[in-house]
Amino acid sequence: MSSATQTRRILLLTAVLCVIWIGLGSWLPRPELAETNYVANRLRIERFLLDSAPSNVVVGTSLSGRLQPSFFSGTTLASMANLGLDGANPDTGLTLVLKQARPPERVFLEVHRLIMPPGANDTQLLNLTQGPGLELSRWAALTRAMSRPSTVLYGWLKGQQSGGGSTVTPGSQITRPGTVTVEPDPKWAPRIREKVRQVEARGTKVYLLRLPVGRENPVDAQAKSFADEASMELGLPLVDLYRLSQAEGVEIRYTDGLHLTPQSAVWLAGRLAQAVSSK
Amino acid sequence: MLFVSWSFAVFLPVVFALHYWGRSMGWQVSVLTLGSFLFYGWANPKLIPLLAIACLANSVASVELMAPNRSAARRRRTLVLALIFNLGTLAFFKYAALLGDLLLPEVLWKKWGPWLTSIPLPVGISFFTFQGISLVVDAWYAGTKGIPGLPSPTTPELKGRHYGKVTFFKAFFPQLIAGPIVKAGDFFFQIGPKRFAEIRWDPAIKTLILGFFLKMVVADNLKEVTSTIRYPDFLEIPRINLIALVYAFSFQLLADFAGYSLIAIGLGRLFGYELPPNFNFPYLSRSITEFWRRWHLTLSSWLREYLYIPLGGSRRGEWMTYRNLFLVMFLGGLWHGAAWSYAAWGTAHGILLAGERFFLRQHKVAEENRWTFLGAVRAVVVFSVVTLLWLLFQLREFRHAVAYVSGIINQSGPPQLQALYVIGLFSLPVVLWHIWGALEQWRRGWSPERTGRVSIIGHAVMLFLIITNSGPPGEFIYFQF
């Protein structure tokens, strides 16, 4: 076999594999979860920016990342996207909302970690949306996170493990935000206020969202006490699902002491939709 | 510029087209040299003068060392000055803070310490200074005889070409930042006009596919899990995951560095240059000695040729040999970085090498080429020891490494399956690659058609996974060295 022939055959066979994989993609389940934080974030970002524009968006960290869009089906917030990004700052989610050509009607901005400064993870995520890679993914679905064989396999395995695709936990727990110790940003308020104004200027209504948090750490404890202060500071209405769950005496459960179980997330999604309807 | 970046995806075809557009050697060398400087200074143009000065200094020195009518004293002085320049550059940028902390009195350290610790480490400096040292030493030995492809600069024209060739040798972008460390004798004779029709596409493309696969699919996908080998994060991780993480880091390190080296070799082939191999299935080694004959081959070869042999090698008796082994590995460890963890890592390898040599001599154990059950057990033991020592690369403080090992013994808890899934899945290709290497003898019995078929399928699958399953892009681990 000649040298040049091998190169040509490698390229040809690769093309065949790609076509087969694209064909399989139409009947393989779309992964709702991923094996790493980075891929989980890519899934959410690509869905938000490349698929049909949603009317509602949850913006935040892995805590609100548990409010999976499918949990809102049948509610007034059925057209929902989730930008609860693992290990990221809510600031990053707001930047991504500004990148969406069709602005959403409502943004639910998770209050936890609002006071923290963006970090290296945020830079990496924003780089992901700035290079030609995202444009490539728009035209070649094969390069999207949902087409990763390892992610499809992981999603399928998790689905098997929990007996159905709809009850599994989205995102990843490889690096937990609870273990990260970063100093709060004293200039958080003007930074977030500026972003919120930009989002509102496009006709989007922004709500602050406080979720119940399991395992306490200094940052989350601070977030609990500062939700009202943030609401005042930013001039945004607060949807306080933590107080609501307390008032109703509902026991919220967590998978790892920090992140919501699917059952609790479904309950909170319903309450969020109700709270918005009544406002 | 990173090999795995969009800017490089534009840079490469432009330089490739310009290179083959002109047919003269002068044009091609100029295009590659200018392209290499652009490649080096892309992220930080301030680095370009440093590379230019290094090229110029080594060119001047090698001209002096190889020109006719130079006295022995002048040549000796030139060699010493060139070595001081190369080692001094490395010492200033890489070891100033470490040496300052070690040697300066406390008063001076308080005054100078912040400045010394703020000196940035220029990317690739460890590699191109070693290449500079090899050039001047080879030029010293060669003298007026010249190095193949680099004749003694007897005329102004030859002198001009000498400068151009040396600059190209030092700056050639595929190997500039993280090797392979190329020796003068292996490179200069290759400089000449290159023809597009003469490109050996198959070896070039296959090497590039394997390199990009190891970097983008294996190393980059393992990166997120292995980032948890960080104090105090690992204190919450159960034993089984801690063990898996050490092995994962070992696979990641190999995939990252071998991936880089293979991409460099593949790129070299695209431009008509053959760079030396850097890895030969290192985790198949059945002894630490064999490991160093398979891991980072060009550094091992450099250390042997320019340090171990000048120190006396194994020619001055057993104890001097042990001392030399120990010293070379200690300095080899420090080459990786200005931290005592690297020195400890090198020292551990030095002790193991010396101890192994002593033991094998005492028991008259001969090396075996074919695989036996005992050989496989030895390979697993050597791999595990080497892997455990890599911890010092990730945990720079010795007490953190000790805490990690203690965690392996004490930290119970249910396994974190998600991380184990990532580790298992993305370590598998490195394991399969090594099995492929271990079966080399058996594969020799295959027909060329069968070998070709397997190779095509394997490379097509790897290319498919590069397209669909790459991890988060990032720098190569060896850039920090």
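**Exercise 1. Find which residues B:Y404 touches, leaving out residues up to four places away in sequence, and place B:Y404 in its core.**

Start with the neighbours. In this predicted model, B:Y404 touches B:I229, B:F234, B:L242, B:L245, B:V246, B:L391 and B:L395 once residues up to four places away in sequence are set aside.

Next, look at the core. The largest nonpolar core has 150 residues, and B:Y404 is among those with the most contacts inside it, along with B:F173, B:F271, B:W295 and B:W390. Helix α11 of chain B (residues 239-270) supplies the largest share of this core, 19 residues. At the level of domains, both domain 1 (6-198) and domain 2 (201-286 + 368-480) of chain B give this core at least three residues each.

Finally, there's a second, separate core of 43 residues, and A:Y38, A:V39, A:L114 and A:L134 are included in it.

**Exercise 2. Work out the order of the strands in the open sheet of chain A, and say which strands are at its edges.**

First, take stock of chain A: its secondary structure comes to 10 helices and 5 strands.

Now line the strands up. The 5 strands form an open sheet in the order β2-β1-β3-β4-β5, with parallel pairing. The edge strands are β2 and β5 (238-240) of chain A, since each pairs on one side only. On average, neighbouring strands of this sheet are turned by 20° against each other, ignoring direction.

Then check two of the pairings. Strand β1 of chain A (residues 56-61) runs parallel to β2(A), and 6 bridges join them. One example: A:T61 has A:L85 in β2(A) as its bridge partner. β1(A) also pairs in the parallel sense with strand β3 of chain A (residues 106-110), over 4 bridges. Here A:V58 has A:F108 as its bridge partner in β3(A). As background, strands of a sheet pair through backbone hydrogen bonds, either parallel or antiparallel.

Last, add a helix. Helix α9 of chain A (residues 241-248) lies across β4 (205-210) and β5 of chain A, and runs at about 35° to β5(A).

**Exercise 3. Explain why strand β2 of chain A counts as largely enclosed by the rest of the structure.**

Step one is to split the strand by direction. A:M80, A:N82 and A:G84 point one way from β2(A), while A:A81, A:L83 and A:L85 point the other way. Residues of both groups are buried.

Step two is to count. 6 of the 6 residues of β2(A) (residues 80-85) are buried, so the strand is largely enclosed by the rest of the structure.

For the wider picture, 54% of the 279 residues of chain A count as buried.

**Exercise 4. Decide whether A:L109 is buried or exposed, and list its contacts.**

Find the residue: A:L109 sits in strand β3 of chain A. Its relative accessibility is 0%, so A:L109 counts as buried.

Then list the partners. Leaving aside neighbours within four places in sequence, A:L109 is in contact with A:V59, A:P90, A:L94, A:L114, A:I192, A:V196, A:V206, A:Y207, A:L208 and A:L209.

Now zoom out to chain A. Among its contacts between residues at least 6 apart in sequence, 79% join residues at least 24 apart.

For practice in chain B, try B:T321, which lies in helix α14 (residues 318-336). At 0% relative accessibility, B:T321 counts as buried too. With neighbours within four places in sequence left aside, B:T321 is in contact with B:Y308, B:G313, B:S314 and B:R357.

**Exercise 5. Locate the cis peptide bond at B:P232 and the positive phi values of A:R113 and B:F281.**

Begin with the background: most residues other than glycine have a negative phi, and most peptide bonds are trans.

Take the peptide bond. B:Y231 and B:P232 are joined by a cis peptide bond, with omega about 0°. You'll find B:P232 in the loop between α10 (201-226) and α11 of chain B.

Turn to phi. A:R113 isn't a glycine, yet its phi is positive, about 70°. A:R113 is in the loop between β3 and α4 (120-130) of chain A. Its relative accessibility is 11%, so A:R113 counts as buried.

B:F281, also not a glycine, has a positive phi of about 45°. B:F281 is in the loop between α11 and α12 (288-294) of chain B. At 15% relative accessibility, B:F281 counts as buried.

Technical notes:
Residues numbered from 1 in each chain as written. Chains lettered and ligands numbered in written order. Predicted model: local features only at pLDDT ≥ 70, side-chain atom pairs only at ≥ 80, totals over all residues. Heavy atoms only, no water. Buried < 20%, exposed > 50% of the residue type's maximum accessible area, 1.4 Å probe, protein only. Helix = DSSP H or I, 4+ residues; strand = E, 2+ residues; numbered from the N terminus. Pairing = 2+ DSSP bridges. Core = buried A, V, L, I, M, F, W, Y, C linked by side-chain atoms within 4.5 Å. Domains from an automatic or database assignment. Contact = heavy atoms within 4.5 Å. Axes fitted to C-alpha atoms, helices over the stretch in contact; angles between N-to-C directions.
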